[in-house]
Amino acid sequence: MRGMNRRQFVSRMSAVAAGAALWSATAQDRALAATAARAVRVGGTTLEQAAMPVGSGSYKRLVAGPGWPLVVRGELAAAGSGRDDRRTGLASFVQFTDLHLADTESPVRFEYLAQYNDSAHRPQEALTVRGASSLVERVNSVRQGPYTGLPFGMVMATGDNTDNHELIELDWYLSVMSGGRITPSSGDPSRYEGVQNSGSAGYWNPESSFQDTYKAKGLPQIPGFLSGAGRPFNAPGLSVPWYTTVGNHDDSIEGSLPDLGLLGDLYTGDRKIEGIDDATAAKLAYALQHDPAQAVILLGKLLGNGGAIRKVTPDERRRPFTPAEFAKAHLNPAYTGAGPVGHGFTSDAASSGHLYYTFPLASGVLGISLDTTNRAGFADGSLGTAQLNWLESVLKSHSSHWYDTDGHVVRGGSSDSLVVLFSHHTSATMGNLLPDPYHPFEGRHDGNALVSLLQRYPNVVAWVNGHTHENRITPHGHAVPERAFWEINTASHVDYPQHARIIEIADNGDGTLSLFTTLIESAAPYTTDFADTSDRGLAALYRELSYNDPYATPAARLGSSADHNTELLLAHPGK
């Protein structure tokens, strides 16, 4: 500081900081301009604008922030010059994932474990159905891929479509996707019967002035919130065909306990646990993560004698569904919507309960939907031997060549199709190798086994999944370039950032393909008004409350710029 007093030094440093901020803003502006110049249209996507938290208090408000520019990722293939002028669009579709449409009044919920598991109770959870419908509105308005300009060929929901695999939650999901009148409430339709009006300090009680732990962290009082949340509304439904992939919350209790039919009476009964002592809560939370069978026993004991139990209105629609019933419900003509009939599931699936299938994603592009759930319990998944063998037979039939386990080229197959896989679980969350209780003698296979299989088939270009509630894109490289593929993992629509993802496939005419991934948010306004409990106002609150969930980690789930709006290069198989 020689020759410069403190005031001059501070002034100089402020100028430097302002200059750096200006440079950063200018660099981002240039990146966004370059992004828009390469696109057909950016409107309605996070290429144009994205939610941004503001404020200095513990409760952050959301506003419309600047968009996120395109990031070109060349780990698997180099980006050739002039490819935009040669680009031919091959496919354009949308991924939904982890909607978690939740019956928050259900007796089979573990809200009292929120301090151990942030998904046990979310302040926004009464608004899941409205939030999902607002996401549908966004897809209907955007209509096309921003880089190819191709109309969306379909929407795929990659699992955890329901929160606790109840029939009423399945009805809400199917109605959100196909359109119709929805009353997002169970039990007594004239009143809310869940923890959010319990008067317990452990939950957010939105309509009460009672100072619970959530309000102590800045969450507001919102008169009319719960009555608005349960109010009937008309869901528009998707205007494009849609398909469903099954997730662990679609086939097990709270996505982690084996459903062996032992708790059916609890689902449809009149006793709801709203609180237990800390020691029991810790014991149950541990069992959920390490010993699902023990957790079922503990839960049964609690209902017999333990905790704060509330009488609720019984509702047969809360009954859990089987995999066969899951498929059968999709075949109901009331839920056909924009099609196709069954949304990937057939009458054979409704008979067998086998929830994996193929479908034509686009001309020359095959979609494969897997069932990676394991009904033995735990949240993570794996594949059974029968399904793995089925998958390889499908890949062979759509490949003119592939590689054997020793790396030798094998010629065969009657046709060539690019292949996109869909599953709920990721390669890193498929380590649950417990025997499936419904197929106890069948082997189970982890994510590494699946990656190894996929890398033997060059036509596989992408594996699209959910489960982690995070945005993360992973290259699966190989010494032979055509054996590489991209794994595209997208954040949930229940936890912040509440994203869905547009995915486009384009042929660059130079021996490479580009996969464009573009995140979208719901059609809800960014700004909220605590006095506005209209459908749009509640959908906006759904997003903002998810950011302010005191047990959540929004920054971690958001991902980096390389996991957001991207161009993923890879070798075109066989070229």
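**Note on the predicted model: strands, pockets and unusual backbone**

1. **The first hairpin.** β1 and β2 make a hairpin with six residues between them, and Gly-55 in the turn has a positive phi of about 110°. Strand β1 covers residues 49-54 and strand β2 residues 61-66; six bridges join them, and they run antiparallel. Val-54 stands opposite Arg-61 in β2. Strands here are DSSP runs of E with at least two residues, helices are runs of H or I with at least four, and both are numbered from the N terminus. Two strands pair if DSSP finds at least two bridges between them.

2. **Basis of the note.** This is a predicted model: local features need pLDDT of at least 70, side-chain atom pairs count only at pLDDT 80 or more, and totals for chains, interfaces and linings use all residues. Residues are numbered from 1 along each chain as its sequence is written, and side-chain values use heavy atoms, with hydrogens and water left out.

3. **A buried strand, β21.** Eight of the eight residues of strand β21 (residues 500-507) are buried, so the strand is largely enclosed by the rest of the structure. Buried means under 20% relative accessible area, exposed over 50%, and partly exposed in between (1.4 Å probe, protein chains only). Both faces are covered. Ala-500, Ile-502, Glu-504 and Ala-506 are buried on one side. Arg-501, Ile-503, Ile-505 and Asp-507 are buried on the other. Note the charged side chains in both sets: Glu-504 on one side, Arg-501 and Asp-507 on the other.

4. **Partners of β21.** Strand β4 (residues 88-96) pairs with β21 in the antiparallel sense over seven bridges. Ser-92 stands opposite Glu-504 in β21. Strand β22 (residues 512-520) also pairs with β21 in the antiparallel sense, over eight bridges. There, Ala-500 has Ile-520 as its bridge partner. The hairpin of β21 and β22 has four residues between the strands, and Gly-509 in it takes a positive phi near 70°.

5. **The open sheet.** Six strands form an open sheet in the order β11-β12-β16-β18-β20-β19, with mixed pairing. Its edge strands are β11 (357-362) and β19 (472-476), each of which pairs on one side only. The twist averages 20° from one strand to the next. For the angles, axes are lines fitted to C-alpha atoms (for helices over the stretch in contact), and angles run from 0 to 180 degrees between N-to-C directions. At the β19 edge, five bridges join β19 to strand β20 (residues 485-489), and the two run antiparallel. Arg-472 stands opposite Asn-489 in β20.

6. **The largest pocket.** Its volume is about 660 Å³. Of the 29 residues that line this pocket, the closest to its centre are Asn-117, Ser-119, His-249, Gln-289 and Ala-379. Helix α8 (residues 278-290) gives the largest share of the lining, four residues. By class, the lining has nine nonpolar, 12 polar and eight charged residues. A pocket is an open set of points on a 1 Å grid over the protein atoms alone, where a 1.4 Å probe fits, with protein on both sides within 12 Å along at least five of seven lines; lining residues have an atom within 4 Å of a point. Grid points are joined across faces, edges and corners, and a volume is the space filled by probe spheres set on the points. Ala, Val, Leu, Ile, Met, Phe, Trp, Tyr, Cys and Pro count as nonpolar, Asp, Glu, Lys and Arg as charged, and the others, Gly among them, as polar.

7. **The second largest pocket.** About 390 Å³ of space lies in this pocket. It is lined by 23 residues, of which Gly-353, His-354, Asp-371, Asp-436 and His-439 lie nearest its centre. α10 (323-330), α11 (347-352) and α12 (385-397) are the elements that give two or more residues to this lining. The lining divides into seven nonpolar, 10 polar and six charged residues.

8. **Helix α3 and Arg-143.** 13 of the 15 residues of α3 are buried, so the helix is largely enclosed by the rest of the structure. Arg-143, just after α3, takes a positive phi of about 75°. At 49% relative accessibility, Arg-143 counts as partly exposed.

9. **Backbone points to check.** Most residues other than glycine have a negative phi, and most peptide bonds are trans. Phe-378 has a positive phi near 75°. The bond from Gly-339 to Pro-340 is cis, with omega near -10°; Pro-340 is in the loop between α10 and α11. The bond from Tyr-496 to Pro-497 is also cis, with omega near 20°. Pro-497 lies in the loop between β20 and β21.
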